[in-house]
Amino acid sequence: MIVGQLFAVAAAVFVNFVVGQLLGRFATPDVVYVVPALPKTPSGEVVRSMLTKLALGEMEDIGDKSSLADKSLLAKLVKQFTPKKIVLKDSKTARQAKK
């Protein structure tokens with residue numbers, strides 16, 4: 001468990017660093033979510049609407065689950081989404097995400 005948490009923190013810091021270097025510090029994310037996989041359709045497209053609802057905490061109205069390629073992934077994401085949140089900055093957005 002500790003190794004997974006260290007990897008998640010290292011990945012979040014790395015993402016923050018790379019975005020800061022390539023796009024500038026203003027573009028660095030306030031919060032990084034580390035997930036095991038992304039929900040995809042059978043054709044391989046990422047279902048961004050589900051990710052948005054998960055990030056906003058709208059677990060009850062997640063959308064059409066029948067279009068997912070791996071239906072068991074959604075249950076894993078709902079279960080593991082909140083504990084894997086890593087707040088990188090103490091900004092207004094990050095404070096709202098902590099709630």
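Leu 38 sits in the loop that runs between strand S1 and helix H2 (48-56), and this is a good place to start looking around the predicted model. Leaving aside residues up to four places away in sequence, the contacts of Leu 38 are with Val 46, Leu 51 and Leu 73. Is Leu 38 buried or exposed? Neither label fits, because its relative accessibility is 37% and partly exposed covers the range between 20% and 50%. For a sense of distance, try Arg 48: it lies 10 residues from Leu 38 in sequence, and their C-alpha atoms are 8.9 Å apart.

Now step to the other loop of this tour, the one between helix H1 (2-22) and strand S1 (31-33), where you will find Asp 30. Asp 30 has a relative accessibility of 17%, so it counts as buried, the cut-off being under 20%. If you look from Asp 30 towards Asn 16, you span 14 residues along the chain and 8.7 Å between C-alpha atoms.

With these two loops in view, let's turn to the whole protein. Its elements are four helices and two strands, and following the sequence you meet them in the pattern α-β-α-α-β-α. The protein has 99 residues, and 24% of them count as buried; Asp 30 is buried, while Leu 38 is partly exposed.

How do the contacts spread along the sequence? Taking those between residues at least 6 apart, 57% join residues at least 24 apart. Finally, the surface: the protein exposes about 6900 Å², and 61% of that comes from carbon and sulfur atoms.

Terms used: Residues are numbered from 1 along each chain as its sequence is written. This is a predicted model: local features need pLDDT of at least 70, side-chain atom pairs count only at pLDDT 80 or more; totals for chains, interfaces and linings use all residues. Side-chain values use heavy atoms; hydrogens and water are left out. Buried means under 20% relative accessible area, exposed over 50%, partly exposed in between (1.4 Å probe, protein chains only). Contact means heavy atoms within 4.5 Å. Accessible areas come from the Shrake-Rupley method with a 1.4 Å probe; for residues, only the protein chains shown count as cover.
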